[in-house]
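Visitor: I would love a close look at one small part of this model, the part where a short polar contact joins two side chains. Could you start there and then lead me outwards to its surroundings?

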Amino acid sequence: MLDSASLMKTFRADVAEKVAPSVISARGLGFAVEGRVLIRDVDLDIKAGRRTVIMGSNGAGKSLLLRLLHGLIAPSSGEILWNGRPLDKAARRRQAMVFQRPVMLRRSVLANLDFALRVHGVHGPARRDRERAALAMARLEDLAASPARTLSGGEQQRLAIARALACAPDLLFLDEPTVSLDPASTHAVEMLIGDAHAAGVTTVLVTHDRAQALRLGDDVIFMAGGRIAETGPVEKVLQNPQSEVARAWLEGRLHFEPGASETK
Amino acid sequence: MDSFGSILTEAFGLILIWDPDLIEIIGLSLRVTLTAVIVACVIGLPLGAAVGAFRFPGRTIVAVVLNALMGLPPVVVGLMVYLMLSASGPLGPLQLLYTPMAMIIAQTILVTPIIAALTKQVVEDLHREYVEQFASLGVGPLDRVGALLWDARYSLLTVALAGFGRAVAEVGAVIIVGGNINHVTRVMTTTIALETSKGNLELALALGVVLLAIALFVNAAVMAVRASAVRAAYA
C-alpha cells in the first residue's frame, strides 16, 4: 500500500517522465560475445535531468548496459541515440562515468583532476577554478598533494566523482559506486551524487541496494537475463513490481543464473 | 705471474691515483653508453608504449620482432654497422667508422629493442588498468601514451637500467665498429679484453672494479628511487 507522500512522488515521476526529453536512448540494443548474447533487444529512454537507477541480479547485464550507453564498447546490434542523434565522439564527451573500483592515476589528487580537465580542453584559470571547486566538492582540499592511490576507498570514490563532475557532463553514469564502502563513506558519495543532480546532471546509477535506489532514483530499469524486465517510477516498481522476475528478486527468491531470467 | 692480491692492490692504486688513462677510458665509456641509452629511450619508450597501448594490424608481429631483437648478437650488430659505415657502405661518406659515434650507433641498435620490448610489457599492464577510464575521459592517442609513460616512470627506470646494463657491458659490437683505438675509441670493456690478452692485468682489473662499481651504484640509485616511489604509492 502506498502512502500519500509516495503517491505524490510517483505521480510527479510519471508526469516528469512524460514531459522531459530523452537525453540518451537505446533502440533494439544487443551485445554478444562469441555467440553468447549478453544484452538483447533493449529499448530505453533516459530523461534529461532525471535520476535513473538500473537494478537486477548479478549477470543481468546492468554494468554492460552502462558501458554500451557510454560508448566504451560497441553494440552488436541496435543503436544508441544522444538527444535523438547517433552517439558520436562529441556526444561521449558530454558524458562521464564512475566505475565500481575507482581508477586513480599514479599521481596526486590534484594531478588526477588536472589530467581529466586538460584532456577535456579546459585550460588556464578556468582549470584551476574547476580543480578548486572539485576538491571542495569532494572535501579533499587537505589531500590535494597526496598520491591519489593512498586515499581510502571512500576518498578515492569521492575523487572519482568529483573528477567526473569537474568535466561538466550532462550525463553521469555510476556503476555501483558504493558497493564496497562503509555507511559513512556511502553517505558522502550519495551526497555528491545528490549535488550532481541538483546541478542539473542526469544520473544513471547501477545499484543492488533497494534503499539506495529509493534515495537516489526517480526511475528504475529492472534487468534480467540481458533484457529489460520492467521500467517505471522507482517507488512504484519497487513497492509493486509487475514482472515476476522483479518481484522474485525483490523478495529474495531470484537465484543467479548467468544469462537467464528464470525464477525459482 | 703476480698473485691475485698484488694485482688487485695495484689495480686499486690506479684508481686511487686517478690515473689519466683510466679516467679517459671511463669517461668515454660513460659518454658512449649514456648517449646510446638516452637515444634508445627516446626511440624505445614511445615505440614500446604505442605497441603496449594500441591495437593495430600487425601488432603481434611487431611484439614478436621486438622480443626477438632483445637477443641480438652484438657481433652481428657490430658487423652490420661496420658494413653500413665502411667506405663502401651506404653511410661511408659520413666517415663515422672507428669513432665514438659508430659505437653509439651500434649500442643504440642493441639497446633499443630491450627498452621497447620491456616498455611494451610495463605499459600494457598499466593500460589494462587505465583503459576504461581513458576511454571514458576521451583521452587521445598522444595523451594516452604520454600519461602511460609518465605514470609508469618508476618501472621504466628499471627498463632503462636493463638497457644501461646491456650497453655498458657490451664489447663485441663496439670493438668491431670502434676499433679499440687508444685515446679515440678505447672503452672499459674493449680495454679489459685487450689488456688481459697483453697480460697487463692491473689495468684490466682496475677497469673491471670500476665497471662493477658503476653497475652497483646505478642499480642502487634506481632501486632507491623506486623504493621511495612505492612508499608514496606512485609506482
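Guide: Happily, and a definition comes first: a polar contact is a pair of N or O atoms within 3.5 Å; within protein, one atom must be able to donate a hydrogen and the other to accept it, and residues adjacent in sequence count only if both atoms are side-chain atoms. Please keep in mind that this is a predicted model, in which local features need pLDDT of at least 70 and side-chain atom pairs count only at pLDDT 80 or more, while totals for chains, interfaces and linings use all residues; side-chain values use heavy atoms, without hydrogens or water. Residues are numbered from 1 along each chain as its sequence is written, and chains are lettered from A and ligands numbered from 1 in the order in which they are written.

The pair you asked about is B:Thr190 and B:Asn180, whose side chains are joined by a polar contact of 2.9 Å. B:Thr190 sits in helix 9 of chain B, where helices (H or I, at least four residues) and strands (E, at least two) are DSSP runs numbered from the N terminus. With a relative accessible area of 1%, B:Thr190 is buried; that word means under 20% relative accessible area, with exposed over 50% and partly exposed in between (1.4 Å probe, protein chains only). Setting aside residues up to four places away in sequence, B:Thr190 touches B:Val171, B:Val174, B:Ile175, B:Asn180 and B:Thr185, a contact being heavy atoms within 4.5 Å.

Helix 9 of chain B covers residues 188–198 and also holds B:Glu195. This charged residue counts as buried because its relative accessibility is 5%. Beyond its neighbours within four places in sequence, B:Glu195 is in contact with B:Arg186, B:Asn200, B:Leu201, B:Leu203 and B:Ala204.

Now for the wider setting. From an unreviewed UniProt entry comes the feature "domain: ABC transmembrane type-1" at residues 26–222 of chain B; UniProt positions are given in the numbering used here, feature names are shortened, and annotations may be inferred rather than shown by experiment. That span is 79% helix and 0% strand, and its end C-alpha atoms lie 21 Å apart. UniProt (unreviewed entry) also places "transmembrane region" at residues 32–54, 61–85, 97–118, 154–178 and 203–225 of chain B. Residues 32–54 of chain B are 96% helix and 0% strand, with end C-alpha atoms 33 Å apart. For residues 203–225 of chain B the end C-alpha atoms lie 33 Å apart, and the span is 100% helix and 0% strand.

Chain B meets chain A through 20 residues of its own and 26 residues from chain A. The size of an interface is often given as the accessible area lost when the parts come together. Here chains B and A bury about 2,000 Å² between them, 51% of it on carbon and sulfur atoms; buried area is the accessible area (1.4 Å probe) that two parts lose on being put together, summed over both. The rule finds 5 salt bridges across this interface, each a side-chain nitrogen of Lys or Arg within 4 Å of a carboxyl oxygen of Asp or Glu. One of them pairs B:Asp143 with A:Arg118, the closest N and O atoms being 3.5 Å apart. There are also 12 residue pairs in polar contact across the interface (both at pLDDT 80 or more). On the side of chain B that touches chain A, helix 5 (100–137) and helix 6 (141–151) of chain B each supply at least two residues. Helix 5 of chain B gives the largest share, 9 residues. By class, this side of chain B has 12 nonpolar, 3 polar and 5 charged residues; Ala, Val, Leu, Ile, Met, Phe, Trp, Tyr, Cys and Pro count as nonpolar, Asp, Glu, Lys and Arg as charged, and the others, Gly among them, as polar.

Across that interface, chain A has 10 helices and 10 strands, and 52% of its 264 residues count as buried. One buried residue is A:Leu159, at 1% relative accessibility, in helix 6 (residues 153–166) of chain A. Its contacts beyond four places in sequence include A:Met104, A:Leu113 and A:Leu140.

Most residues other than glycine have a negative phi. A:Asp41, though, has a positive phi of about 50° and is exposed, with a relative accessible area of 55%.
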